[in-house]
Amino acid sequence: MEGQAIMVAMGMTGSVALQKLLPFGNVAQVGQVLSALGGEDGSGLRAVSCDRCGGHVMESALRQMSRWTGEAQRLTG
C-alpha cells in the first residue's frame, strides 16, 4: 500500500478492506495508515475525508481511539 494509500482508501474495494482491517491494528499501525493517508504535508487527510469511500476509512481509523484510551488507562492504572 506504500505510496498508494490515498488511492486505496478512495477506491471502493480498498476502502472496505481498510475498514475491516483497522480494528485489528495496534496504535502504531493505525497511526502509520493515517500518516500514509496524510501524505508529505498532511493535505491528503482532507481529500480522503471528503471522499465518499475515504471518509469511511477515516471514520474507522478514528473510532479506534476509544480502544487506545482504554489501553492507556489499563497501562497507567
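Let's start with helix H2: Met 12, Thr 13 and Lys 20 are exposed on one side of this helix, away from its buried residues. Keep in mind that this is a predicted model. From H2, we'll move to the nonpolar core and then to one residue in it, Ala 5.

**Helix H2**
- H2 runs over residues 12–21, and its buried residues are Gly 14, Ser 15 and Leu 18.
- Those three sit on the same side of H2, because they cover an arc of only 100° around the axis.
- As for partners, the buried residues of H2 pack against H1 and H5.

**The largest nonpolar core**
- This core has 12 residues in all, and Leu 18 of H2 is one of them.
- Other members include Leu 22, Val 30, Val 48, Met 58 and Trp 68.
- Two or more core residues come from each of these elements: helix H1 (5–10), helix H3 (27–38) and helix H5 (54–63).

**A closer look at Ala 5**
- Ala 5 is part of helix H1, and Ala 5 also belongs to the largest nonpolar core.
- Is Ala 5 buried or exposed? Ala 5 counts as buried because its relative accessibility is 4%, with the cut-off for buried being under 20%.
- If you set aside neighbours within four places in sequence, Ala 5 is in contact with Ala 36 and Leu 37.
- Ala 5 and Val 33 are 28 residues apart along the chain, yet their C-alpha atoms are separated by 7.6 Å.
- Both Val 33 and Leu 37 are listed in the core along with Ala 5.

How values were computed:
Residues are numbered from 1 along each chain as its sequence is written. This is a predicted model: local features need pLDDT of at least 70, side-chain atom pairs count only at pLDDT 80 or more; totals for chains, interfaces and linings use all residues. Side-chain values use heavy atoms; hydrogens and water are left out. A nonpolar core is a set of buried Ala, Val, Leu, Ile, Met, Phe, Trp, Tyr and Cys residues joined through side-chain atoms within 4.5 Å. Buried means under 20% relative accessible area, exposed over 50%, partly exposed in between (1.4 Å probe, protein chains only). Helices (H or I, at least four residues) and strands (E, at least two) are DSSP runs, numbered from the N terminus. Contact means heavy atoms within 4.5 Å. The arc is that of the directions from the helix axis to the C-beta atoms.
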